[in-house]
Amino acid sequence: MSEILNKKDLAEKLADESGCSKKDATQYVQTIFDTIAETLKDGGTVDVFGFGKFTVTERSARTGINPATKEKIEIPATKAVKFKASKALKDAVK
């Protein structure tokens, strides 16, 4: 059975294991996510040893087809976040 873990759950686990308050733990978790987002927004890379690496990739503009009308459309260039899991994480999941 799979489990869904959200920010609230992460904060509660951090509070339980570290002995800090849930309010402080929630703020710590939010700060981590804000820092990751800000680094990626600025074009940086976030490399968490033993977990994985977050990078920003550029998708070039391309021509696509609208499946409903079969009409050709131009899809603009975009940026996307890419995550590559570390070997340790891959081994842990196996």
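This short presentation describes the fold of one protein chain, the packing of two of its helices, and a few individual residues.

Good morning, colleagues. Please keep in mind throughout that the structure is a predicted model.

I begin with the chain as a whole. The protein chain contains three helices and five strands. Read from the N terminus, the order of its elements is α-α-β-β-β-β-β-α. The radius of gyration is 19 Å, whereas the globule rule gives 12 Å for 94 residues, so the chain is more spread out than a compact globule. Along the principal axes, the C-alpha atoms occupy a box of roughly 60 × 30 × 25 Å. As for burial, 14% of the 94 residues count as buried. Turning to contacts, we may consider those with a separation of 6 or more; 30% of them join residues 24 or more positions apart.

I now come to the two helices at the N-terminal end of that order. In general, a pair of packed helices is described by the angle between the axes and the distance between them. Here, the axes of helix H1, residues 7-18, and helix H2, residues 22-41, come within 8 Å of each other and cross at roughly 125 degrees. That angle makes H1 oblique to H2. The crossing of the two helices is right-handed.

Which residues of H1 and H2 meet? On the H1 side they are Lys 7, Leu 10, Ala 11, Glu 12, Leu 14 and Ala 15. On the H2 side they are Lys 22, Ala 25, Thr 26, Tyr 28, Val 29, Gln 30 and Phe 33. Sorted by class, this contact comprises eight nonpolar, two polar and three charged residues.

The loop that joins these helices deserves a word. Cys 20 is located there, between H1 and H2. With a relative accessible area of 22%, Cys 20 is partly exposed, because buried would require a value under 20%. If neighbours within four places in sequence are set aside, the contacts of Cys 20 are Leu 14, Ala 15, Ala 25 and Tyr 28. Those four residues also appear in the contact of H1 with H2. By contrast, Lys 82 lies 62 residues from Cys 20 in sequence, and their C-alpha atoms are 32 Å apart in space.

Further along H2 we find Ala 37. This residue counts as partly exposed, at 43% relative accessibility. Between Ala 37 and Thr 69 there are 37 Å in space, C-alpha to C-alpha, for a sequence separation of 32 residues.

Let me move on to the strands and the loops that follow them. Lys 70 sits in the loop between strand S3, residues 62-65, and strand S4, residues 72-75. What is notable about phi of Lys 70? The angle is near 60 degrees, a positive value in a residue other than glycine. Lys 70 is exposed, its relative accessible area being 63%.

Finally, I turn to Ser 86, in the loop between strand S5, residues 78-85, and helix H3, residues 87-93. Is Ser 86 buried or exposed? Its relative accessible area is 16%, so Ser 86 is buried. Apart from neighbours within four places in sequence, Ser 86 is in contact with Gly 50, Phe 51 and Gly 52.

To close, I would recall two points. The chain is more spread out than a compact globule, and helices H1 and H2 make a right-handed crossing. Thank you for your attention.

Technical notes
Residues numbered from 1 in each chain as written. Predicted model: local features only at pLDDT ≥ 70, side-chain atom pairs only at ≥ 80, totals over all residues. Heavy atoms only, no water. Axes fitted to C-alpha atoms, helices over the stretch in contact; angles between N-to-C directions. Parallel < 35°, antiparallel > 145°, perpendicular 65-115°, else oblique. Left-handed = near helix turned anticlockwise from the far one by under 90°. Contact = heavy atoms within 4.5 Å. Nonpolar A, V, L, I, M, F, W, Y, C, P; charged D, E, K, R; others polar. Rg over C-alpha atoms; globule rule 2.2 N^0.38 Å. Buried < 20%, exposed > 50% of the residue type's maximum accessible area, 1.4 Å probe, protein only.
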